[in-house]
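Me: I should like to understand how the terms used for a protein structure are justified. May I put some questions about the one shown here?

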Amino acid sequence: ELRSSEEVRQQQFQADVLATASEQERTVNGRDAFAMISDLNPLSQNTAPIGYLWLIQQFQLQVLPHHQFSVVGSAAVTASANNIVWTSIQRQDGQYDQFVWNLTYAVEHEGMSLPILGTLFRHVLFPQDEFHRYLSADIASPTARRLRFLLGFLTGETVEAADVPHDVPLVDLLDPSIYVVGLGV
């Protein structure tokens, strides 16, 4: 079977991303990743993890730190330590312990972490039904569209969803103001 060079390039990139996630898992084995990352948190007093940090704790993901993490606390504060930006949002009535809320918060406010997402999507306890309901119900949401693409790209899994209406604008997968991206790369 002949494959286009674009298909070969995409498959190689997928393999590289998953290999990076696997390498990160091996790198921190022997020490709980959540504990390792939490040790770096300058805002740790009276805070609770949200976003990627919550996902890492909840699913016991063995990954290296992302460049940004968030917590919920008594005040809105931002600090930087060990090349990681830490953001504390002020505690309000919220869904801080719910999977979809934390996943969407992470992607929307902490940036894209392919190794964390790749590890999460392959996790045994990953709540697929809840995630698929979210992806199918919110077809026009930029975050849901990014996550739907990444689920397919990183795992080959597809989610049945209605077509996105033609009047819904395209969204960038990665924010070009944060990540080095280019056309046709």
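Me: What is the order of the 4 strands in the open sheet?

Reply: In this predicted model, the strands follow the order β1-β2-β4-β3, and their pairing is mixed. From one strand to the next, the twist averages 30 degrees.

Me: Why is one side of β1 and of β3 left without a neighbour in the sheet?

Reply: β1 (48-50) and β3 (77-81) each have a single partner strand, so they stand at the edges.

Me: How do you know that β2 and β4 are paired, and which way do they run?

Reply: Two strands count as paired if there are at least two bridges between them. Strand β2 (residues 68-73) is joined to strand β4 (residues 84-90) by 6 bridges, so the condition is met, and the two run parallel. Opposite Gln90 in β4 stands Gly73.

Me: What lies across the sheet strands β1, β2 and β4?

Reply: Helix α4 (residues 99-109) does, running at about 70 degrees to β1. Just after α4, Gly111 takes a positive phi of about 90 degrees.

Me: Why is α4 called largely enclosed by the rest of the structure?

Reply: A residue is buried if its relative accessible area is under 20%. In α4, 8 of the 11 residues are buried, so the description is justified. Among them are Phe99, Val100, Asn102 and Leu103.

Me: Which residues is Phe99 in contact with, leaving aside neighbours within four places in sequence?

Reply: The contacts of Phe99 are Trp54, Leu55, Phe59, Leu120, Phe126, Pro127, Glu130 and Phe131.

Me: Which residues touch the most other members of the largest nonpolar core?

Reply: That core has 38 residues, and those touching the most other members are Ile56, Phe99, Leu117, Leu120, Phe121, Phe131 and Leu147. Elements that give two or more residues to this core include α3 (52-58), α5 (114-121) and α6 (128-137). The element that gives the most is α7, with 6 residues.

Me: What makes α6 and α7 oblique to each other?

Reply: They pack at an angle of about 125 degrees, and their axes are 9 Å apart. Roughly perpendicular covers 65 to 115 degrees, and roughly antiparallel begins over 145. The angle of about 125 degrees falls in neither range, and α6 and α7 are therefore oblique. The crossing in which α6 passes α7 is left-handed. On the α6 side the contact is made by Phe131, His132, Tyr134 and Leu135, and on the α7 side by Thr143, Ala144, Leu147, Arg148 and Leu151.

Notes: Residues are numbered from 1 along each chain as its sequence is written. This is a predicted model: local features need pLDDT of at least 70, side-chain atom pairs count only at pLDDT 80 or more; totals for chains, interfaces and linings use all residues. Side-chain values use heavy atoms; hydrogens and water are left out. Axes are lines fitted to C-alpha atoms, for helices over the stretch in contact, and angles run from 0 to 180 degrees between N-to-C directions. Contact means heavy atoms within 4.5 Å. A nonpolar core is a set of buried Ala, Val, Leu, Ile, Met, Phe, Trp, Tyr and Cys residues joined through side-chain atoms within 4.5 Å. Buried means under 20% relative accessible area, exposed over 50%, partly exposed in between (1.4 Å probe, protein chains only). Angles under 35 degrees count as roughly parallel, over 145 as roughly antiparallel, 65 to 115 as roughly perpendicular and the rest as oblique. A crossing is left-handed if the near helix is turned anticlockwise from the far one by less than a right angle, and right-handed if clockwise.
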